[in-house]
Amino acid sequence: MVASKLEKIRTRGIETILVDREHYEKHETVLKKQFPHGFDYIIDTTADADLITRSIGLLKKGGTFVNYAFQNNVNMAEKVELDMKLFATRQLSYIGSTFQHFKFPQTLKAIEEGKVDPELAITEVLPLDQFFAGMEHVLNDPHTIKVVFEPNGPSEGR
């Protein structure tokens, strides 16, 4: 995650802390100070084996870790090490999740009801003839979240 991505949700009043992948203890110290009892939920979307392993220790008793990323698709050699003793003694839960297939109607309803703001995930909107340039951004620009392609010209409201 890069700071520019966090800035989008910060504008909605959500407090963020940038992970330091070279020195995990830096952000962990801040998190433990701000949340001394730990977190009820941690949702991982990074697929980073070390970060997943370390994040489990930030859960409070009875907390739940949701692994939404496809860990091991990124690098098959990196395996997540879980301390099962923590799960038993702190009554933790682990949920593995993948993409939500066949949830399109529920997604549209959540957007319509204002529960989800898709604008937070859209970095840029491009015409379809700029598909390859847009995909270049997705693959190589760490500031890019999602690119929307419009095959029939600009959408209403843009």
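Here is a short chat about the rings and the sheet in this predicted model.

Biologist: How many aromatic pairs does the structure hold?

Modeller: Rings of Phe, Tyr and Trp pair if their centres lie within 6.5 Å. Going by that cut-off, the number of aromatic pairs in the structure is four.

Biologist: Take Phe131 and Phe132: is that pair stacked, tilted or edge-to-face?

Modeller: Their centres sit 5.3 Å apart, with 80° between the planes. Planes over 60 degrees apart get their own label, so Phe131 and Phe132 are edge-to-face.

Biologist: And is Phe132 buried or exposed?

Modeller: Its ring partner Phe131 has 33% relative accessibility and counts as partly exposed. For Phe132 the relative accessible area is 70%. The cut-off for the top class is over 50%, so Phe132 is exposed.

Biologist: Which parts does the pair of Phe131 and Phe149 tie together?

Modeller: That pair is tilted, because the planes are at 50° with the centres 5.0 Å apart. The two parts are 18 residues apart in sequence. Phe131 lies in one and Phe149 in the other, so the pair ties together helix 6 (residues 131-140) and strand 5 (residues 146-150).

Biologist: On to the open sheet of three strands: which are its edge strands?

Modeller: The strand order is 1-2-3, with parallel pairing. An edge strand pairs on one side only, and that fits strand 1 (39-44) and strand 3 (93-96).

Biologist: Which residue in strand 2 is the bridge partner of Tyr41?

Modeller: Strand 1 and strand 2 (residues 59-67) run parallel and are joined by five bridges. Tyr41 has its bridge partner in strand 2, and that residue is Thr64.

Definitions and conventions:
Residues are numbered from 1 along each chain as its sequence is written. This is a predicted model: local features need pLDDT of at least 70, side-chain atom pairs count only at pLDDT 80 or more; totals for chains, interfaces and linings use all residues. Side-chain values use heavy atoms; hydrogens and water are left out. Rings of Phe, Tyr and Trp (its six-membered ring) pair if their centres lie within 6.5 Å; planes under 30 degrees apart count as stacked, over 60 as edge-to-face and the rest as tilted. Buried means under 20% relative accessible area, exposed over 50%, partly exposed in between (1.4 Å probe, protein chains only). Helices (H or I, at least four residues) and strands (E, at least two) are DSSP runs, numbered from the N terminus. Two strands pair if DSSP finds at least two bridges between them.
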